[in-house]
Amino acid sequence: MTAPAANDATPAERRAALALVSPAWLAFIVLLAGPTLAVFVLSLTDWQLGAPTMNFIGLGNYEQLFADRVFWKSFGNTAVYCLVTVPGSVFLGLGLALLIEGATFGRGFYRAAYFLPVTSTLIAMAVVWEFLLHPSVGLINIVLEQVGITGGDWLKNPSRALFTLAGIGIWQSAGLNMVLFMAGLKSIPADLYEAAEIDGAASAWERFRCVTWPMLGPATLFVTVVSGIRSFQVFDTVEVLTKGGPNKSTEVLLYTMYTEAFNFFRTGYGAAITVVFLVVVLALTLLQVKAGEKRTHYG
Amino acid sequence: MRKLLGVAALAAAFVAGPAAAQTEITVQYAIPDIFKDVQEEIAKQFMAANPNIKVKFTQPTKEYEDATQQVLRNAVTGQLPDVTFQGLNRQRILADRGIAQPLDPFIAAEKDWAKAGYDGALLTLGQVKGKQYGMGFSLSTPIIYFNADLVKKAGGDPDNFPKTWEGIFALARKINDPANKITGFHFDWDITGNWMWQALVFSNGGTMLTADEKKVAFDQPPGQKAIETLRLMITDGGMRDVSQATSLQDFVAGRLGIWAHSTSRLGGVTKQAQGVFNLRTATFPLGAGADSRLPAGGNVAMMLAKDPAKQKAAWEYIKFATGPVGATIMVKGTGYFPANAIPAKDPKMLGDFYAQNPNHRVAIGQLPSMTAWYAFPGENGLKITDVIKDHLQTVVNGSAKPADALKKMTSDTQALLPK
């Protein structure tokens, strides 16, 4: 944009410009690029935490990784978790935003109430969930019992545990999505609704379909990307509530990375998982942004 | 201002003066909810007896796993503690990486070592490939805890507690009372490092690997019997698939009849059971007579210091903590037993304690069957324990037949062993 101007700049101006961007660059290199590069290099070695020697083994870790049953299980679980959590929290967030915006009273209260899970520490909240989900004395099962349903064990049942965690994930991120959607709703000009009404969009649903939903395109795209990345990073609830169990049914990518690197001390192997994780997150972001650029209507 | 600073510096130098002659050593330990008071008392008494050595604790870690993790991280950053207390099955990692210092030269330099009370068999628990890396501090063994009130109510005799699993399961079925939320039996099979799995295999006369550590040996008859027993705990003993936290809560609340766990909790559970129910202990069922073994649990003191002066101080501390004085403090504060033979024989130290606490004496009776808590060799050693745990879980939740699970567990473990 301003590239030609830079060429016209005097040497003094250029030096000043360099000096001005250098803190940002330094922070980027020290905090992001450097560690990422280090992780990549480590992933090509057989280094174990605390070991005195380190050998370069090329792609050995990756070969082992792609043949590892646990890795694929973990990868699949992470994908399932995302596929449940992202739509769940995006639509719940949208629904909440619409309801609260349409409310005639108590908006501030509801906004705060639904935003609370976002501000609380997930580790602490996971402990609260543990009590709620306790098979015999937990509130959830006691309530279910009142209506004649046997709740069972939410976290120890292998076919259910991952979805229980996804439910907690939705609860945690719906509030943030709600706030983002509210910001999106505020930016829709009121005259569009009036125009739609004149054009015959009489029902609330028609107005939503013709005006609100398309106008929320950029917000929806952003919310989906952020939710996707956040749910790909799920770790806290797994660590506190299930430790990846029972039988790896809630093993997710970051948890596998953590156990390999910090419980089994196979640092090189853990680094390889991190690289895979970074690649997936990057690919997801690029894909969604690219797809979004074409289809999203930037009002 | 400058003058003021000068005075302050002078004062600081004066205060620090006498301390400069001291050697300061840092000590790290795990599981503060069991060991905090004990460790601090030992350090206090040690410093009173050795005024020239100052002991400083680093932040204790919650579990043995974190303790090893912290030492390995410290090894990278060059901030190793001088003495660390590590789980018995973690010694191998620190020894193999050259982080821990062998203690043999220090033992050789001791004049009256033979009279120091370190029993030969118990010393082997701290050895890795024939070298002494750890000095046993607090040892534990798997035992049976039971609620004597519930046992009596079910028609059992607390003084003649069953010595076989069959007997225990039969009794557990009688105790089982779902209407009143009382469970008969629980076995904490998922204790870290496959400890209870090792107990089942060793007590049937088996081993984890062959003597050359090249091949899996738990697929042999003792292992087959062990995995069948694990399944029978559910089908015959009425055990539920619950976490260790749940079984502990149930037991201390008087809602669990028979509980197989480590002696490490004996101190705490005794306190919690007081006034709630009559707590008793019994020996772990041994299925192979004289060939039966039980894994020792607990932790050892290891030396990480490299500087000779610090090494000397660290060795003094290790001897004190694992010796008669430290052992006496430790036993009275926990349920563990010591790796030093002197205090149990001295009525002033622990002799009277054991006479008055028969529940603690059961573990001492199991001493002859004690063997090392096995750590798998190679870089996948810890991953193997995780693989085994996963397969055991399939037996406990009934999703796999015991024989099939054992077969898979064998092939998965074999694949992770060093070639």
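In the predicted model, strand β3 of chain B (residues 83-87) lies antiparallel to strand β12 of that chain, the two being joined by five bridges. Within this pairing, B:Thr84 has B:Met302 of β12(B) as its bridge partner. Strand β12(B) also pairs with strand β6 (residues 134-140) of chain B, again in the antiparallel sense, here through six bridges. B:Met302 recurs in this second pairing, where B:Gly134 is bridged to it. Strand β12(B) is thus described by two sets of bridges, one to β3 and one to β6. The strand, which spans residues 297-303, is mostly covered, with seven of its seven residues classed as buried.

A further element of chain B examined here is helix α11, residues 244-252, whose buried residues are B:Ser247, B:Asp250, B:Phe251 and B:Val252. The cover over these positions includes three strands of chain B, namely β7 (142-147), β8 (183-187) and β9 (256-262), together with helix α12 (266-273). In general, residues three or four places apart in an α-helix point the same way, because the helix has 3.6 residues a turn. Just after α11(B), the backbone at B:Gly254 adopts a positive phi of about 80°.

The confidence of the prediction for chain B is given by an average pLDDT of 89, with 95% of the residues scoring at least 70. An exception is found over residues 10-20 of chain B, where the pLDDT is below 50 and where the model shows zero contacts beyond near neighbours in sequence. For the model as a whole, the ipTM is 0.70 and the pTM is 0.79.

Between the two chains, 15 residues of chain A are in contact with 18 residues of chain B. On the side of chain A that touches chain B, seven residues are nonpolar, five are polar and three are charged.

For chain A, an unreviewed UniProt entry places the feature "transmembrane region" at residues 24-44, 78-100, 112-132, 162-183 and 267-287. Two of these annotated segments were examined in the model. Residues 78-100 of chain A are 100% helix and 0% strand, and the C-alpha atoms at the ends of the segment are 32 Å apart. Residues 162-183 of chain A likewise comprise 100% helix and 0% strand, with the end C-alpha atoms 32 Å apart.

Definitions and conventions
Residues are numbered from 1 along each chain as its sequence is written. Chains are lettered from A and ligands numbered from 1 in the order in which they are written. This is a predicted model: local features need pLDDT of at least 70, side-chain atom pairs count only at pLDDT 80 or more; totals for chains, interfaces and linings use all residues. pLDDT is the predictor's confidence in each residue, from 0 to 100. Two residues are in contact if their C-beta atoms, placed from the backbone, lie within 7 Å. Ala, Val, Leu, Ile, Met, Phe, Trp, Tyr, Cys and Pro count as nonpolar, Asp, Glu, Lys and Arg as charged, and the others, Gly among them, as polar. A residue is buried if 20 or more other C-beta atoms lie within 10 Å of its own, exposed if 12 or fewer, and partly exposed in between; C-beta atoms are placed from the backbone. Helices (H or I, at least four residues) and strands (E, at least two) are DSSP runs, numbered from the N terminus. Two strands pair if DSSP finds at least two bridges between them. UniProt positions are given in the numbering used here, feature names are shortened, and annotations may be inferred rather than shown by experiment.
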